[in-house]
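Let's take a walk through a protein together, one step at a time. Have a look at the picture below, and then read on.

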Amino acid sequence: MLALSKLPAVTWASYVEGMAAGESLARPAARCGVCVKTSWFMRMRVLEAMRSQLQPMRGGDGVSAQADELYLNESFSGRRSGMPRGPHANGHGARSRGISSLKVAIVAVVNDLGDCTAVLAAHGRPGAEQIRAGLAPARVAGSEVSTDMHSSCDAPLAEAGAASHNRYGAADAGEDELGMVNALHERLRGFLWRFRGVSTRRLQRYLWWFCWEEHARRSDASREAMLRSHVANGSYVSTRRDLEEEPQPFWDFWESRDESDVSNLA
């Protein structure tokens with residue numbers, strides 16, 4: 001990253017110090033002498049470097065894993081025009097019975113070794129195809145996997161080579177059955193909360209960050225030292241234009257609806 005950047009190494013070193021401390025975009029921008037937009041772009045590049053350093057999940061005989069979906073409100077934060085629905089009332093999200101089609105699903109997998117993955121997979125409740133995509137980064141071959149009663153997990157887990165698949169209903173899923181993944185969901189909610197709203201368009205990048213943080217918790221090295229190494233040795237793919245033109249996920253959901261459908265959903 002440093003070789004491709006116009007900014008000096010000392011600026012990046014100061015920037016990742018702020019990221020490791022959980023600072024907002026404005027504070028490291030002021031300290032590094034850049035504008036907030038450049039600070040945001042620097043963050044996106046560091047997140048790509050984080051992704052490149054994520055270690056694959058471990059699996060196999062004797063490893064237990066748990067998988068479940070986490071549902072978050074869809075966010076169009078940063079979109080200036082072409083909103084497909086009216087804004088939610090301040091302080092209120094989408095409210096409907098069951099799994100709302102206004103929410104997005106994150107497929108999260110965690111095992112008893114502490115490895116985890118989190119993938120933005122679907123708009124509303126995911127089907128087998130979306131579950132399959134959500135499980136793709138997780139290595140569950142040979143592992144014992146526990147989920148809720150969602151039947152869409154059956155075929156993807158069998159295809160992934162899971163040694164067994166245990167399904168638990170809400171009344172049966174105690175701390176031992178789905179406790180690891182429920183705790184992961186709570187940590188993920190807390191992680192995202194500190195950003196006061198993450199656009200769904202950028203959400204997968206922040207999921208990389210969260211998984212990196214989960215890995216960093218088990219490392220002897222400090223977060224700052226790890227980030228300095230990533231910036232010095234890592235790479236990125238997306239250019240500034242790529243980021244600006246990044247499409248909104250699941251846009252086909254809105255394109256398939258007429259105006260009356262959208263007004264009812266809003």
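Start with two helices that pack against each other in this predicted model: α3, which covers residues 36–53, and α7, which covers residues 203–216. How do we describe such a pair? Two packed helices are described by the angle between their axes and the distance between the axes. For α3 and α7 the angle is about 55°, and the axes are 9 Å apart. Angles from 65 to 115 degrees count as roughly perpendicular and those under 35 degrees as roughly parallel, so α3 and α7 are oblique to each other. The crossing of α3 past α7 is left-handed.

Which residues make this contact? On the α3 side you will find Arg 43, Met 44, Leu 47, Glu 48, Met 50 and Arg 51, and on the α7 side Arg 205, Tyr 206, Trp 208, Trp 209 and Trp 212. Sorted by class, the contact between α3 and α7 holds seven nonpolar and four charged residues, with no polar ones.

Now stay with α3 and turn to another partner, helix α8, made of residues 223–233. The axes of α3 and α8 come within 9 Å, and they cross at roughly 95°. That angle lies between 65 and 115 degrees, so α3 is roughly perpendicular to α8. From α3, the residues Val 46, Ala 49, Met 50 and Gln 53 meet Leu 227, His 230 and Val 231 of α8. In this contact of α3 with α8 there are five nonpolar residues and two polar ones, but no charged residues. Did you spot Met 50? This residue of α3 is in the contact with α7, and it also takes part in the contact with α8.

Val 231 leads us on to the beginning of the chain. Leu 2 sits in the segment before α1, the helix of residues 9–20. If we leave aside neighbours within four places in sequence, Leu 2 is in contact with Ala 9, Trp 12, Val 231 and Ala 232. Take one of these partners, Trp 12: ten residues separate it from Leu 2 in sequence, and the C-alpha to C-alpha distance between the two is 8.1 Å. Is Leu 2 buried, exposed or partly exposed? Its relative accessibility is 30%, so Leu 2 counts as partly exposed.

Next, look at two places in the loops. Arg 196 lies in the loop between α6 (175–193) and α7. Its phi is near 55°, which is a positive value in a residue other than glycine. Arg 196 is exposed, because its relative accessible area is 61% and the cut-off for exposed is over 50%. Phe 250 also has a positive phi, near 60°, and is not a glycine either. You can find Phe 250 in the loop between α9 (240–244) and α10 (251–255).

What about the cysteines? A disulfide is a covalent bond between the sulfur atoms of two cysteines. This structure holds zero disulfides. Cys 35 has 45% relative accessibility and so counts as partly exposed, whereas Cys 153 is buried, at 5%.

Finally, step back to see the whole protein. Its secondary structure comes to eleven helices and five strands. Of its 266 residues, 46% are buried. Among contacts between residues at least 6 apart in sequence, 66% join residues at least 24 apart.

How values were computed. Residues are numbered from 1 along each chain as its sequence is written. This is a predicted model: local features need pLDDT of at least 70, side-chain atom pairs count only at pLDDT 80 or more; totals for chains, interfaces and linings use all residues. Side-chain values use heavy atoms; hydrogens and water are left out. A disulfide is a pair of cysteine sulfur atoms within 2.5 Å. Buried means under 20% relative accessible area, exposed over 50%, partly exposed in between (1.4 Å probe, protein chains only). Axes are lines fitted to C-alpha atoms, for helices over the stretch in contact, and angles run from 0 to 180 degrees between N-to-C directions. Helices (H or I, at least four residues) and strands (E, at least two) are DSSP runs, numbered from the N terminus. Angles under 35 degrees count as roughly parallel, over 145 as roughly antiparallel, 65 to 115 as roughly perpendicular and the rest as oblique. A crossing is left-handed if the near helix is turned anticlockwise from the far one by less than a right angle, and right-handed if clockwise. Contact means heavy atoms within 4.5 Å. Ala, Val, Leu, Ile, Met, Phe, Trp, Tyr, Cys and Pro count as nonpolar, Asp, Glu, Lys and Arg as charged, and the others, Gly among them, as polar.
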